Every structure is written in C-alpha cells, then in structure tokens.
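I opened this model to look up a few helix pairs and a few charged side chains. My notes follow in the order I took them.

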Amino acid sequence: MSTIKAYLNDKYLRIEIAFFIFYYFLFNILTSIEYNLVEPHIRQYPNPLNLTNHFIFALVKIIPVWILYKVIIQKYLFNKRYWRFLLLMVVYLVLLNFYNLYINWLITHLSFLPQSVINEATATYKANVLIHYGGTMYMLREYMVLLFLAYFIRSARQEKQMNELKQQQLNAELNYLKVQLQPHFFFNTLNNIYSLALQQSVQTAPLVAKHADMMRYILYNSSGQLVSLQQEINFLKNYTEVEAVRYPAGIEITFEVQGISNNALIEPLLLLPFIENTFKHGIREEINSGYVKIVVCQVENELTLETKNTKAPINNHGGATPGIGLENVKKRLAILYPDNHQLEIKEYGCVFEVYLSITLK
C-alpha cells in the first residue's frame with residue numbers, strides 16, 4: 001500500500017492520469033456535443049449526455065494507449081533503442097486492430113452492459129474495418145500528442161532532478177562552510193575569551209554572548225534553505241565584532257547596515273565568505289595599521305554588499321591571496337541567482353574590494 005501511495009504521490013504521474021482522462025473521456029464528450037450541434041443531419045452521433053458509454057469506451061481506448069505510452073515510448077524510445085521501438089510499433093499497430101475488433105465483439109456478448117453500449121459496439125464490430133484513412137490520420141495525431149506529453153514529462157522530470165542535484169550541492173557547500181567555520185573560528189574565539197577573562201576585561205561577557213548567538217545561529221537557524229536577512233546580518237555583525245577583538249586599536253574595522261527589511265530572506269551563510277575573506281586573507285597579516293570596511297544595503301528587493309580591506313604584500317610564504325571560499329560562493333551565486341546577481345572583485349596595490357548586488361527572491 002505504501003508503494004502505491006508513493007507512486008500516486010508522483011506529481012508527473014498525476015499529470016499523465018489527468019491528461020488521459022481529459023483526452024479520452026472529456027474530450028470525446030466535447031466532440032460528441034460539437035458533432036450533434038454542427039452535423040446532426042449527416043449521421044447519428046453518440047449522445048454526449050450518456051456518460052456510461054463514454055466511460056466504457058474511453059477505458060477500452062486507454063488500456064492499449066497507456067501501454068504504448070509507458071512501455072514503448074518511455075522505455076524504448078527514450079532509451080534510444082530505436083530498432084526495438086520501431087519493431088514494437090509495428091507489432092502494436094497490428095495487434096491494436098485485432099484488439100479493437102475483439103473488444104467490441106466481447107462487449108456485444110456482455111448482457112449486463114447498457115443496451116446503448118452493446119448497440120454501439122455491435123455497429124463497430126459489424127463494420128469490420130481494421131484501418132481506414134480517417135482512422136490512420138486520427139491515430140497519427142494521437143501519437144503526436146502522446147509524444148509531446150512524454151517529452152514534456154521527461155523534460156520536467158530531468159529539470160526536477162537537476163534542481164535536486166543543485167540543492168544537494170548547495171547543502172553540501174553550506175555544510176562545508178559550517179564545518180570550515182566552526183573549528184578554527186570558535187577555538188580562536190574561545191582563546192580570545194580566555195585571554196580577556198584572565199585580564200578581567202569588561203569585554204568578556206559581551207564576547208561570550210556574541211559567541212553563543214553565533215553558535216546557536218549556525219546549529220539551528222542556518223539549517224533551512226532561507227533565513228531572515230536581518231538574522232543573517234546580525235550573525236555577520238557578531239562575526240565582525242568578535243574578529244575585531246583580535247586586532248590592535250590601530251586597525252579600523254567598521255560594519256554599516258542600511259535599509260534592511262524585516263521580511264527579506266536570503267540563503268544562510270551566503271555572504272559569510274566575503275566577510276571572512278577580509279580578515280583571513282586581509283588584515284590578519286597587518287601589525288599596526290590597516291582597515292576593514294563593510295557596508296550592507298537593501299533598496300526594495302536589491303541587496304548590495306561592499307567590502308574594502310587592506311592586505312599584506314605578497315611574500316615568500318604565499319601572501320594574502322584569497323582562498324577557495326570565494327570560489328565556492330561564486331558557484332552558489334551562479335546556482336541560486338544565475339541572472340540576478342552582479343559580482344565585482346578588484347585588487348590594486350594593498351587594497352582588496354568586493355561589490356556584490358543580488359536581486360532577492
């Protein structure tokens with residue numbers, strides 16, 4: 001039962017079932033209405049109000065077509081087994097005609113069915129026509145519609161799979177950021193707190209509170225696909241203030257926020273690599289002077305982040321070249337905001353600048 005329930009929960013299967021019901025049941029009713037209104041003088045058409053007739057013959061029609069759709073098209077054509085597909089199509093067309101004759105013969109012998117159903121089946125059976133021009137054109141049109149549906153469903157499924165793979169990639173990158181951030185940052189912060197506590201500094205308690213807020217945010221709030229932009233900025237601000245404790249007074253560190261909406265949402269830790277980069281590959285090598293300037297601004301649904309920091313000159317130990325964090329966030333931006341972001345990174349002399357603009361979802 002659980003397997004059947006899971007199968008029916010498939011959105012694309014529901015689309016297929018809805019299509020077959022409409023095309024082979026409701027569409028036939030509409031066609032009968034049209035013929036009875038426009039061409040009643042040519043011949044007697046089925047009564048559009050006789051739903052029993054339409055249901056029985058629609059069911060008879062759907063059975064072989066469903067086999068064609070689910071087996072021959074999806075399993076052979078889509079898997080590029082073209083010769084088997086062509087062979088099965090020929091076999092299908094031959095058997096289909098005998099199926100139609102036999103099923104009409106069978107209906108004529110089922111006395112429990114309504115007389116109108118038996119009469120219509122009898123007329124079809126006595127006609128004893130396997131394939132005629134009109135029927136061939138109708139079948140070709142029908143098969144073109146089935147091919148269109150099959151390719152549409154296939155394309156939609158592939159797009160869904162690609163989105164799921166992208167989401168898995170994003171989750172993996174997010175988890176990587178969490179793992180990457182927690183060890184080196186939190187241990188360094190705890191060392192800072194320990195040093196301040198030994199000095200009995202008044203900064204100890206606020207730093208502990210910020211540290212706790214950051215751990216809580218990473219462990220609980222950042223597990224979803226979207227978080228409040230205000231929460232994300234509070235986290236980044238705490239991160240900046242905690243990092244600032246490690247540097248001497250001669251290094252200027254500012255974090256400015258403008259126009260942030262309470263309703264705005266953003267992917268968690270998306271902006272963190274840019275902020276982290278200003279410290280990790282920027283002023284960390286500075287001794288007596290330097291600066292980090294961060295500005296986050298929101299105007300309607302456009303979010304901008306600007307960072308500017310000094311960095312140590314490149315030395316024999318590799319210098320302050322930006323690490324893989326920026327490369328990871330570039331990939332995330334390309335996936336999350338493919339046509340809705342602008343990223344500019346400039347480096348001149350001992351200054352490193354980043355400008356990021358995002359059209360929020």
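I start with a term I need for the helix pairs. A crossing is left-handed if the near helix is turned anticlockwise from the far one by less than a right angle, and right-handed if clockwise. By that rule, H4 passes H5 in a left-handed crossing. I note here that the model is a predicted one.

**Entry 1. Overview**

I counted the elements before going further. The protein has ten helices and seven strands. I then checked burial, and buried residues make up 39% of the 361 residues. I also looked at how far apart in sequence the contacting residues are. Of the contacts between residues at least 6 apart in sequence, 73% join residues at least 24 apart.

**Entry 2. H4 and H5**

Two packed helices are described by the angle between their axes and the distance between the axes. I looked up both values for this pair. Helix H4 covers residues 82–108 and helix H5 covers residues 115–127. Their axes lie 8 Å apart, at an angle of about 140 degrees. H4 is therefore oblique to H5. The cut-off matters here, because only angles over 145 count as roughly antiparallel.

Which residues of H4 meet H5? I found Leu101, Asn104, Trp105, Ile107 and Thr108 on the H4 side. On the H5 side I found Val117, Ile118, Ala121, Thr122, Thr124 and Tyr125. Sorted by class, this contact has seven nonpolar, four polar and no charged residues.

**Entry 3. H7 and H8**

I ran the same look-up on the next pair. Helix H7 spans residues 204–219, and helix H8 spans residues 229–244. Their axes come within 10 Å and cross at roughly 135 degrees. That angle makes H7 oblique to H8. The crossing of H7 past H8 is left-handed.

From H7, the residues in the contact are Leu207, Lys210, Asp213, Met214, Tyr217 and Ile218. They meet Gln231, Glu232, Phe235, Asn238, Tyr239, Glu241 and Val242 in H8. How many charged residues does the contact of H7 with H8 have? I get four charged, next to seven nonpolar and two polar. In the contact of H4 with H5, I had found no charged residues.

**Entry 4. Lys70**

I moved on to single side chains. Lys70 sits in helix H3, residues 51–77. Is Lys70 buried or exposed? Its relative accessible area is 16%, so Lys70 counts as buried. I looked for polar partners of its side chain. The Glu16 side chain is one, at 3.2 Å. The Gln74 side chain is another, at 3.4 Å. I add a reminder on helix geometry. An α-helix has 3.6 residues a turn, so residues three or four places apart point the same way.

**Entry 5. Glu267 and H9**

Glu267 lies in the loop between strand S3 (265–266) and H9. I read 5% relative accessibility for Glu267, so this residue is buried. The side chain of Glu267 makes a polar contact with the side chain of Tyr337, at 2.5 Å. Leaving aside neighbours within four places in sequence, Glu267 is in contact with Gln225, Leu226, Val227, Glu232, Arg332, Leu336, Tyr337 and Lys361. I recognise Glu232 from Entry 3, where it is one of the H8 residues that meet H7.

I then checked H9 itself, residues 272–280. This helix is mostly covered, with eight of its nine residues buried. Those are Leu272, Pro273, Phe274, Ile275, Glu276, Asn277, Thr278 and Phe279.

**Entry 6. Strand S6**

I finished with two charged residues in S6. Glu344 is in this strand, which runs over residues 341–348. Lys346 lies in S6 too.

Glu344 has a relative accessible area of 31%, so I class it as partly exposed. Its side chain makes a polar contact with the Gln342 side chain, at 2.7 Å. Not counting residues up to four places away in sequence, Glu344 touches Glu353, Val354 and Tyr355. Val354 is ten residues along the chain from Glu344, and their C-alpha atoms are separated by 5.8 Å.

Lys346 is partly exposed, at 45% relative accessibility. Beyond its neighbours within four places in sequence, Lys346 contacts Val351, Phe352 and Glu353. Glu353 also appears among the residues that Glu344 touches. Last, I looked up Lys308. Lys346 and Lys308 are 38 residues apart in sequence, with 9.4 Å between their C-alpha atoms.

Conventions
Residues numbered from 1 in each chain as written. Predicted model: local features only at pLDDT ≥ 70, side-chain atom pairs only at ≥ 80, totals over all residues. Heavy atoms only, no water. Helix = DSSP H or I, 4+ residues; strand = E, 2+ residues; numbered from the N terminus. Buried < 20%, exposed > 50% of the residue type's maximum accessible area, 1.4 Å probe, protein only. Contact = heavy atoms within 4.5 Å. Polar contact = N/O pair within 3.5 Å; in protein donor to acceptor, adjacent residues only side chain to side chain. Axes fitted to C-alpha atoms, helices over the stretch in contact; angles between N-to-C directions. Parallel < 35°, antiparallel > 145°, perpendicular 65-115°, else oblique. Nonpolar A, V, L, I, M, F, W, Y, C, P; charged D, E, K, R; others polar.
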